[in-house]
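Me: I would like to go through this structure by question and reply. Please keep each reply short and end on what was asked for.

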Amino acid sequence: MDKQVFNVLKEVQEKTPLVHAITNYVTINDCANILLSFGASPAMCEAYDEVYDFVKLSSALYINLGTLTKEQETAAVLASTSAKNNNVPVVLDPVGCPAMKRKVEVINRIKEVGRIDVIKGNIGEIKFLAGMNSETRGVDSLDNGEDALEACQKLAKDFNCTVAATGEKDYISNGTKNCIIENGSELLTKVTGAGCMLGALCSATCGAFEDKFVATVSAILSMNIAGEKAYKTAKLPGSFKVALIDSIYTLSDEEIWKEGNVTWK
Amino acid sequence: MDKQVFNVLKEVQEKTPLVHAITNYVTINDCANILLSFGASPAMCEAYDEVYDFVKLSSALYINLGTLTKEQETAAVLASTSAKNNNVPVVLDPVGCPAMKRKVEVINRIKEVGRIDVIKGNIGEIKFLAGMNSETRGVDSLDNGEDALEACQKLAKDFNCTVAATGEKDYISNGTKNCIIENGSELLTKVTGAGCMLGALCSATCGAFEDKFVATVSAILSMNIAGEKAYKTAKLPGSFKVALIDSIYTLSDEEIWKEGNVTWK
Amino acid sequence: MDKQVFNVLKEVQEKTPLVHAITNYVTINDCANILLSFGASPAMCEAYDEVYDFVKLSSALYINLGTLTKEQETAAVLASTSAKNNNVPVVLDPVGCPAMKRKVEVINRIKEVGRIDVIKGNIGEIKFLAGMNSETRGVDSLDNGEDALEACQKLAKDFNCTVAATGEKDYISNGTKNCIIENGSELLTKVTGAGCMLGALCSATCGAFEDKFVATVSAILSMNIAGEKAYKTAKLPGSFKVALIDSIYTLSDEEIWKEGNVTWK
C-alpha cells in the first residue's frame with residue numbers, strides 16, 4: 001500500500017497549508033474549524049475585489065457551490081482564473097448540481113477559465129456530472145453506489161482531474177489510479193456539512209501533496225477515521241459534531257495506518 | 001386531546017419532508033442540523049436563479065427574515081410565488097419586524113404574490129403584525145404575553161393562516177382552533193436561533209401534515225420538550241445547544257404525549 | 001488597580017447592551033451566542049435599508065471586516081455614519097487587512113464618514129495599520145508581539161481611539177493609558193472566531209462603559225479568563241468552543257479579579 005497516503009497528518013501539520021475557501025454559509029464555520037483542527041490555516045476570502053490576489057498567497061483554493069450567492073459566484077470564477085495563472089490547486093464541491101442547473105453552468109465556466117484539480121461530491125452528484133443516471137433528492141444522494149467508480153473514472157478523464165464520490169463507500173479515481181474506501185460512520189450523514197468539511201480537508205491535503213489522488217485519498221481517510229473515533233464517544237449528532245472536531249485534532253497517521261480500509265483497483 | 005398532534009415524529013420520519021429554507025446566516029447551520037436530527041431533509045437554497053424550480057421539489061418552504069440580504073429578499077419573494085403556483089406550504093418567521101419596517105414590506109409582498117400558511121414569531125412580533133402594542137428591543141420581545149392569543153387569532157384571520165406567538169408560554173391559533181402550550185426551558189432564550197430552529201421544525205411538520213394548525217402545535221411541542229430534555233443534561237448554553245440537537249434526535253412521540261402541556265381553547 | 005475594570009459582568013448584565021453587529025458569516029453564530037452568554041443582547045442587522053435606523057436603537061455597533069460582502073460594506077459604512085450622528089460607540093475588527101487592501105479602504109472610509117471608538121485586531125493587523133512591519137499569513141498573525149504596545153499607542157493617536165492588539169499577550173492603549181494582559185489559553189487559537197467573539201464582547205462592554213479603554217480591557221480579561229476556565233474542562237478544540245460559551249455564562253467579576261494578570265504601563 002502506498003505509504004505516502006498515511007503521512008497525511010505529518011505533511012499537513014508541517015506545511016500548514018493556507019486554504020482559501022469560497023464556501024456556503026450553512027457550514028462555513030465547521031469548515032474553518034475542521035481545517036484548524038487538522039493543522040491547516042483557513043481563510044474564508046470571497047469578495048470579488050479580494051480573491052484574485054488572495055489566491056496568490058494560498059496553498060489551495062476550495063470552491064463549494066452550496067448556497068452560492070451571486071457575489072460568491074463571480075468571486076469563485078475569478079479566483080479559479082487566479083488559481084490557473086498562479087499554479088494553485090482547486091478543489092470543487094458541486095453541491096446540489098443534479099437539482100440546480102445553475103450549478104452546472106458555474107462548474108463549466110470554472111472548467112473553461114480556471115482549473116479543477118479535484119471534484120469531490122456525493123455519488124448522486126458525481127454520477128450526474130458523469131452523465132449517468134442517479135437518484136437524488138434536494139441536495140442528498142439516494143444512490144447505492146452502483147457504477148460509482150466508473151462514474152469517477154469517466155469524470156476524471158473528462159475533467160483531467162481526480163474525482164471522489166462519497167457515500168456509504170467512497171470511490172476515488174484520477175482516471176488511472178482508483179480505489180474504494182470503506183470507513184466512516186453513519187452519523188456523518190446526520191450532521192450537515194460532513195461533505196463540505198471533507199472538501200475542506202481535501203483542499204488542505206492538495207495544498208500539502210503534489211499528487212492529488214494521494215491527497216484526496218488521504219483527506220477521505222482522515223475524515224472517515226475521525227468519524228469512527230468520534231462515534232466511539234458520541235452516538236448522537238449534536239455531540240458527534242463536537243467530537244468530530246476533537247477527533248481530527250488528535251488524529252494520527254498511525255491511526256489511519258491501522259484503521260484505513262482501502263481497496264486499490 | 002387530538003392524538004394526531006402526538007404522532008409528529010412518526011409522520012416526519014416516515015415522510016422525510018424536504019424543507020427548502022431561505023434563512024438568516026446567524027443560525028443557518030443550527031436550522032439544518034435540527035432538521036436532520038428531526039428526520040427531515042434540509043436544503044438551504046436561496047439563489048434567485050435556483051429557488052423557483054427548487055420549490056417544486058420541496059415539501060415546504062421556510063422563509064426567515066433575519067439578516068435578509070437583498071439577494072435573499074428577491075429569492076424569498078420569487079420562491080413564495082412558486083410555492084403558491086405549486087401548492088407548497090410556506091412558513092414565515094418575521095424576525096425583527098417591529099424594529100425594521102423593511103421586514104413588513106417583504107411580508108406584505110409575500111402575502112400579495114405568494115402564500116403564507118404559518119406565521120411563527122415571538123410575542124412582540126406577532127402583536128406588532130396584529131396591530132397591537134407590544135414592547136420589543138432589537139430582535140427580542142419583552143412582552144409578557146398578555147393578549148397574545150388574541151393577537152394570534154386576529155393575525156390568523158387577517159392572513160388566513162395559522163399563527164404562533166412564542167414566549168414563556170406559546171400561543172397558537174388558526175382563527176378557529178386555539179391553544180396554549182406550557183413547556184420548554186429558560187435556556188432556549190440563551191441560545192441564538194431557538195426561534196429560527198423552531199420555524200424550521202414547523203416547516204418540516206407542515207411538509208408532513210395536511211392540517212397546519214396541527215403541524216405547528218406538533219413542532220412547538222417537539223422543540224419545547226426537546227428543550228426540557230436537554231436541560232436535564234446541560235444547564236449552560238453552550239452545552240445546552242449541543243444537547244438540544246441530541247434531544248431532538250432521540251425524541252419520541254411517547255415523550256411528547258407524556259410531557260406535553262397543552263390547553264385547547 | 002482600577003476596580004471598574006472588574007465590574008464588567010455586573011455592568012453588562014445590568015445594562016444588557018444591545019449590540020448591533022455587522023460581522024462575517026464564518027463566526028456570526030458564535031458572536032451571537034457569546035453575547036447572549038455574556039448578558040448582552042445581539043442583533044445581527046446588516047441590510048443597507050435597515051442599519052441606519054437600527055443603530056439608533058443600539059448600545060454599540062460592531063463592524064467586523066472578515067468575509068465582508070459588498071452589501072455588508074455599504075451597510076457598514078452607512079451604519080458608521082449613523083453611529084456618529086447618534087452617538088453610538090463603534091468597535092472595528094480589521095480582519096485580514098494586511099492581506100487585502102480593500103479592507104484598508106473600508107477602514108479609511110469609516111474613519112472619514114463615521115466614527116471608531118475601538119480597533120481590536122491581532123498583532124499583525126494592528127502593526128500593519130500603524131505602518132509598522134509585521135509578519136502575517138492569510139488572516140493570521142505570525143508576529144511575536146515585539147513593539148505591539150508601541151503600535152497600539154501609535155494607532156490610538158492616529159485614530160483617536162482605543163486600540164487592542166491580541167496575541168499570546170494582549171496589548172491595549174488609548175494613547176495615554178496602556179496595559180498588557182497575560183491571560184488566556186492556547187486553544188483560543190485553534191477555534192475559528194475567538195478574535196471575532198472578543199470583538200463582539202468589546203462592543204458589549206463599550207455599550208456598558210463610558211470609558212472605552214476600561215471597556216476594552218474588561219472584555220479582553222473576560223474572554224481570556226473564560227478561555228482559561230474552559231481549558232480546565234476541555235482540552236480539545238471542538239469541546240473547548242462549547243466550554244467557552246459555558247464559561248462566559250458562569251464568569252464572575254470575582255474570577256476576573258482573582259485571575260486577571262494586567263500590567264499597567
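Reply: Before the annotated sites come up, note that UniProt positions are given in the numbering used here, and that annotations may be inferred rather than shown by experiment. The model itself is predicted.

Me: Which residues does the UniProt annotation "binding site" cover, in the entry that names A:Lys120?
Reply: The annotation comes from an unreviewed UniProt entry. Its positions are spread over 47 residues of sequence, yet they cluster in space, with a largest C-alpha distance of 7.5 Å. The residues covered are A:Lys120 and A:Thr166.

Me: Is A:Lys120 buried or exposed?
Reply: A:Lys120 sits in strand β5 of chain A, residues 118-122. Buried means under 20% relative accessible area. The relative accessibility of A:Lys120 is 2%, so the residue counts as buried.

Me: Which residue in contact with A:Lys120 also carries the annotation?
Reply: Leaving aside neighbours within four places in sequence, A:Lys120 is in contact with residues including A:Leu92, A:Asp93, A:Pro94, A:Gly195 and A:Cys202. A:Thr166 is also in that list of contacts. The annotation covers A:Lys120 together with A:Thr166.

Me: In which strand does A:Thr166 lie, and what does the residue touch?
Reply: At 16% relative accessibility, A:Thr166 counts as buried. Outside its neighbours within four places in sequence, A:Thr166 is in contact with A:Lys120, A:Gly121, A:Asn122, A:Ile123 and A:Leu198. The strand is β8 of chain A, residues 162-166.

Me: Where is A:Gly193, which also has a "binding site" annotation?
Reply: The unreviewed UniProt entry covers A:Gly193 along with A:Met44. A:Gly193 is buried, with a relative accessible area of 10%. Its place is the loop between β10 (178-181) and α8 of chain A.

Me: Which residues of chain C does A:Met44 touch?
Reply: A:Met44 lies in strand β2 of chain A, residues 41-44, and counts as buried at 10% relative accessibility. Not counting residues up to four places away in sequence, its contacts within chain A are A:Ala21, A:Thr23, A:Ile28, A:Cys31 and A:Ala32. From chain C, A:Met44 touches C:Val26 and C:Thr67.

Me: What axis relates chain A to chain C?
Reply: Chain A can be laid on chain C with an RMSD of 0.0 Å. The operation is a turn of 120° with a shift of 0.0 Å along the axis. That is therefore the relation of a three-fold axis.

Me: In chain A, which residue has the C-alpha nearest the axis that relates chain A to chain C?
Reply: The turn that lays chain A on chain C is 120°. The nearest C-alpha of chain A is 3.7 Å from the axis. The C-alpha belongs to A:Tyr25.

Me: What percentage of the contact residues of chain B recur in chain A?
Reply: Chain B can be laid on chain A by a turn of 120° and a shift of 0.0 Å along the axis, with an RMSD of 0.0 Å. The copies use different surfaces. The recurring share is 11%.

Me: How are helices α1 and α8 of chain A arranged?
Reply: Helix α1 (residues 8-15) and helix α8 (residues 194-208) of chain A have axes 9 Å apart and pack at an angle of about 75°. Angles of 65 to 115 degrees count as roughly perpendicular. Therefore α1(A) is roughly perpendicular to α8(A).

Me: Which residues of α8(A) make that contact?
Reply: By class, the contact has four nonpolar, one polar and two charged residues. From α1(A) come A:Val8, A:Glu11, A:Val12 and A:Lys15. From α8(A) come A:Ala204, A:Thr205 and A:Ala208.

How values were computed: Residues are numbered from 1 along each chain as its sequence is written. Chains are lettered from A and ligands numbered from 1 in the order in which they are written. This is a predicted model: local features need pLDDT of at least 70, side-chain atom pairs count only at pLDDT 80 or more; totals for chains, interfaces and linings use all residues. Side-chain values use heavy atoms; hydrogens and water are left out. Axes are lines fitted to C-alpha atoms, for helices over the stretch in contact, and angles run from 0 to 180 degrees between N-to-C directions. Helices (H or I, at least four residues) and strands (E, at least two) are DSSP runs, numbered from the N terminus. Angles under 35 degrees count as roughly parallel, over 145 as roughly antiparallel, 65 to 115 as roughly perpendicular and the rest as oblique. Contact means heavy atoms within 4.5 Å. Ala, Val, Leu, Ile, Met, Phe, Trp, Tyr, Cys and Pro count as nonpolar, Asp, Glu, Lys and Arg as charged, and the others, Gly among them, as polar. Buried means under 20% relative accessible area, exposed over 50%, partly exposed in between (1.4 Å probe, protein chains only). Copies are superposed by least squares on the C-alpha atoms of residues with pLDDT of at least 70 in both.
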